[in-house]
Amino acid sequence: MIEIRNLTKTFSISAEDGAPASFDALKNVSLTVGDGDIFGIIGMSGAGKSTLVRCINMLERPTEGQVLIDGVDIGTLTPARLRAVRREITMIFQGFNLLMQRTCLANVTFPLELSGMKRSEARKKARELLEIVGLPDKAKSYPAQLSGGQQQRVAIARALATNPKVLLCDEATSALDPNTTHAILELIRKINRELGITVIIITHQMSVVEEVCSHVAILDAGQVVEMGEVSSVFSNPQSDAARRLVYPDANGSGSGENERSAGIAAAARAGERVLRVVFNGSHTTDKPFITQMAIDTGIAANILYASTRCLGECVFGDMLLGIPDTPQALDTVRSYFAKDGDIIIEEIGEVDDRA
Amino acid sequence: MLDRMFSAEAVEQALWILRNEFPMAIWETVYVTVLATLFAIVLGLPLGVLLVAGEKNGVLPLPKPIMSVLNVVINLLRSVPFLILMILLIPLTRLIVGTSVGTVASIVPLVIAAFPFVARLVESSLREINPNIIEAAQSMGASPMQIICRVMLPESVPSLISNATIAITTVLGYSAMSGIVGGGGLGQIAINYGYYRYRYLVMLIAVILLIVIVQIFQSAGTFLAVRLDKRIKKK
């Protein structure tokens with residue numbers, strides 16, 4: 001079990017005028033990762049994700065707070081003891097970070113050499129691991145000869161070499177295309193299930209957390225703003241940061257968002273008014289909502305744009321509808337949607353006025 | 001001047017020198033250069049490693065005063081022109097070799113001049129390494145020495161070979177200069193015949209031979225560096 005207690009990391013930065021300044025990358029972060037979990041830590045760039053994961057194996061020394069692994073505060077260990085612990089908490093990276101001058105096999109044997117294992121034994125183990133990650137034929141290849149996905153597989157094999165208890169993934173799929181990402185996540189899930197290794201995944205991609213994680217913590221400006229099981233956090237996001245992540249297209253507050261809406265609105269047919277319908281966790285998956293509205297009210301809505309996603313039973317996202325430009329049509333639609341409390345409705349004209 | 005340079009008499013004399021003195025001179029030049037470069041690497045490689053590893057954010061941080069002294073000494077030695085350094089080092093050479101003239105004696109100032117240069121070259125090679133790879137090794141529980149010997153040095157082999165080539169060609173140039181203070185080799189022939197006795201043809205031949213040797217070192221170095229670079233895709 002990994003317990004992070006009140007972790008704070010402050011970087012001192014020298015400002016342009018030379019005055020010393022500091023920046024809190026992490027503020028009082030506490031979280032607990034249970035054995036066998038796949039724990040996602042998600043946040044925007046600069047939220048402190050990478051710093052947090054580097055504090056877990058002390059690549060980055062926290063300014064305050066503790067990291068306890070199975071009850072041991074690893075911040076207090078001697079360098080030699082810490083190196084031993086690091087063999088139990090291995091890591092994979094966005095940039096793979098393989099040794100480019102070594103063959104794949106030699107990359108996998110590398111951590112074993114560090115721990116003093118015999119060469120023949122290490123090679124045997126490395127071959128088995130390359131088998132597990134699906135690259136038994138690449139033992140003699142050099143990393144430069146492999147694709148990104150293959151390099152990450154080698155990196156995973158290398159991370160597994162020392163029989164770790166925990167695998168830290170620092171944006172491990174961010175440099176990969178969607179198909180490869182999926183394959184790597186499958187592999188991580190397999191490792192978690194078959195080898196019982198706890199996995200901590202750092203990512204900015206919602207899809208990664210949705211796909212494999214059992215638990216998630218949302219990090220925003222160095223603080224954990226929400227934490228829990230993936231289904232409960234994502235189906236009912238409480239914080240602003242969580243909402244931004246869960247349905248980035250909705251509630252567009254940026255001007256770019258409005259411009260996009262305006263662009264689509266311009267594409268609407270003459271004599272239509274454009275309404276934006278925001279699904280903010282509404283329970284509408286079980287009914288054909290827009291069609292039902294058309295039948296119930298007799299108003300034929302023209303769907304100009306839609307971006308929705310289902311999380312559990314709920315729908316998040318937004319939609320732009322073209323409605324016949326008559327006052328009663330507008331009122332009818334408004335009152336129809338008003339029946340569902342989780343649907344927000346706004347006219348694109350209003351958006352333009354604000355902008 | 002040209003017709004005097006290529007007169008029958010001059011050509012005949014040059015051919016005589018070519019047969020009788022050049023083989024020895026070439027041998028002297030090559031062994032002085034290779035030996036001096038090797039000694040310079042023995043001293044310069046660890047220093048270059050310290051320059052990178054000993055930094056504040058390096059893998060083996062050293063106290064700041066040590067790093068400052070290291071840098072100042074290297075810069076001082078690098079600033080003294082080789083000709084002056086040779087003269088300044090005469091007492092040291094006499095102490096080590098027993099004499100301050102001759103081919104073997106010229107190795108001492110060559111090493112002293114070359115090792116700070118080698119240290120800087122090693123430093124620049126090691127700085128090319130992706131710091132994330134070092135971080136990855138740390139995350140696997142590598143000790144500072146393991147990182148230096150198993151990550152930093154092996155990963156920068158192609159660059160180290162390229163820079164060793166630069167070092168050896170530079171030392172070759174310096175070794176030719178040592179002809180002035182009695183060091184042997186092609187430099188001595190060029191100075192003795194060309195400068196002191198106006199035998200320009202002999203000097204020309206010596207210079208051409210130096211160019212050929214530089215070419216050979218450079219080609220071999222480039223070939224090795226490319227051959228050992230596993231970052232280049234080869235199917």
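Biologist: How much space lies in the largest pocket?
Modeller: About 1,000 Å³. Keep in mind that this is a predicted model.

Biologist: Which residues lie nearest the centre of the largest pocket?
Modeller: They are L59(A), N57(B), G58(B), V59(B) and Q138(B), out of 31 lining residues.

Biologist: And which helix gives the most to that lining?
Modeller: That's α8(B), with five residues. Helices that each supply at least two residues include α2 (79–86) of chain A and α3 (22–53) of chain B.

Biologist: How do the residues of that lining divide by class?
Modeller: Into 16 nonpolar, five polar and 10 charged. Gly counts as polar and Val as nonpolar, so G58(B) goes with the polar residues and V59(B) with the nonpolar ones.

Biologist: What about the second largest pocket, how much space lies there?
Modeller: About 240 Å³. Its lining has 12 residues, and R4(B), S7(B), A10(B), Y198(B) and R199(B) are the closest to its centre. By class, the lining has seven nonpolar, two polar and three charged residues.

Biologist: Why is L204(B) called partly exposed?
Modeller: Its relative accessibility is 36%. Buried means under 20% and exposed means over 50%, so a value in between counts as partly exposed.

Biologist: What makes L204(B) fit for a nonpolar surface patch?
Modeller: Patch residues need over 30% relative accessible area, and Leu is on the list of nonpolar side chains. At 36%, L204(B) passes that cut-off. Its partners in the patch of about 570 Å² are L2(B), F6(B), I208(B), V212(B) and I216(B). L204(B) lies in helix α12 of chain B, and α12(B) gives the most to the patch, with four residues.

Notes:
Residues numbered from 1 in each chain as written. Chains lettered and ligands numbered in written order. Predicted model: local features only at pLDDT ≥ 70, side-chain atom pairs only at ≥ 80, totals over all residues. Heavy atoms only, no water. 1 Å grid on protein atoms, 1.4 Å probe; cavity = no way out; pocket = protein on both sides within 12 Å on 5 of 7 lines; lining within 4 Å. Points joined across faces, edges and corners; volume = space filled by probe spheres on them. Patch = residues over 30% accessible without salt bridge, like charges linked within 9 Å, V, L, I, M, F, W, Y side chains within 5 Å. Areas by Shrake-Rupley, 256 points an atom, 1.4 Å probe, with all protein chains shown as cover. Salt bridge = Lys/Arg side-chain N within 4 Å of Asp/Glu carboxyl O. Buried < 20%, exposed > 50% of the residue type's maximum accessible area, 1.4 Å probe, protein only.
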